[in-house]
Amino acid sequence: MQSYDPFRQFEDIVERIFLKQDFSVKREVPFSFGENFGRYRADLVVEHQGSRTVVEVKLYRTRSVSLGDLRKLSDHMLRAQGALSADHAMIVTNIRTERLP
C-alpha cells in the first residue's frame with residue numbers, strides 16, 4: 001500500500017497536465033553544476049515542438065514564501081536551464097500571486 005505524499009501527488013498532477021498537452025516529460029533529471037555531478041535534479045524536463053523547458057514543482061505548506069527562498073529557487077532554475085540546455089525555466093507552485101513578495 002502506498003502512503004499519501006501530497007508533494008508527489010502535486011508533481012503527478014503537473015506531469016499529467018503536460019502529457020495531456022502532448023509534451024514529452026522526463027522526471028527527476030540529474031544535472032551537474034561545477035564539480036557536483038548528479039547532485040542536483042530538475043523535477044521535470046518537458047519538450048514540445050523542439051522546445052525544452054525545465055520545470056520545478058513546489059508545494060508549500062505555508063500561505064506565503066520568503067524572498068530568500070524565491071531567490072534560491074530562481075538560482076537553481078537558472079543553473080538547471082543552462083546545464084540541461086533548456087530554452088525555458090518554469091516554476092509551478094500552489095502560492096497565490098498576491099502572496100508573493
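This passage walks through the strands of a predicted model and then looks at three of its residues.

Let's start with the strands. Strand β1 covers residues 24-31 and strand β2 covers residues 40-48; the two run antiparallel and are joined by seven bridges. One pairing to look for links F31 with Y40, its bridge partner in β2. On to the next pair: β2 also runs antiparallel to strand β3, residues 51-58, with five bridges joining them. Here E47 sits opposite R52 in β3.

How do β2 and β3 connect? They form a hairpin, with two residues between them. Q49 belongs to the loop between these two strands, and its phi is positive, about 50 degrees, even though Q49 is not a glycine. Q49 counts as exposed because its relative accessibility is 74%, and the cut-off for exposed is over 50%.

A positive phi turns up at E28 too, again about 50 degrees and again in a residue that is not a glycine. E28, however, has its place in strand β1. With a relative accessible area of 34%, E28 is partly exposed.

Finally, there is E11, which is found in helix α1, residues 6-20. Is E11 buried or exposed? Its relative accessibility is just 8%, so E11 counts as buried, given that buried means under 20%. As for what E11 touches, setting aside neighbours within four places in sequence, its contacts are R27, E28, D43 and V57. E28, the residue in β1 with the positive phi, is thus one of the contacts of E11.

Methods
Residues numbered from 1 in each chain as written. Predicted model: local features only at pLDDT ≥ 70, side-chain atom pairs only at ≥ 80, totals over all residues. Heavy atoms only, no water. Pairing = 2+ DSSP bridges. Helix = DSSP H or I, 4+ residues; strand = E, 2+ residues; numbered from the N terminus. Buried < 20%, exposed > 50% of the residue type's maximum accessible area, 1.4 Å probe, protein only. Contact = heavy atoms within 4.5 Å.
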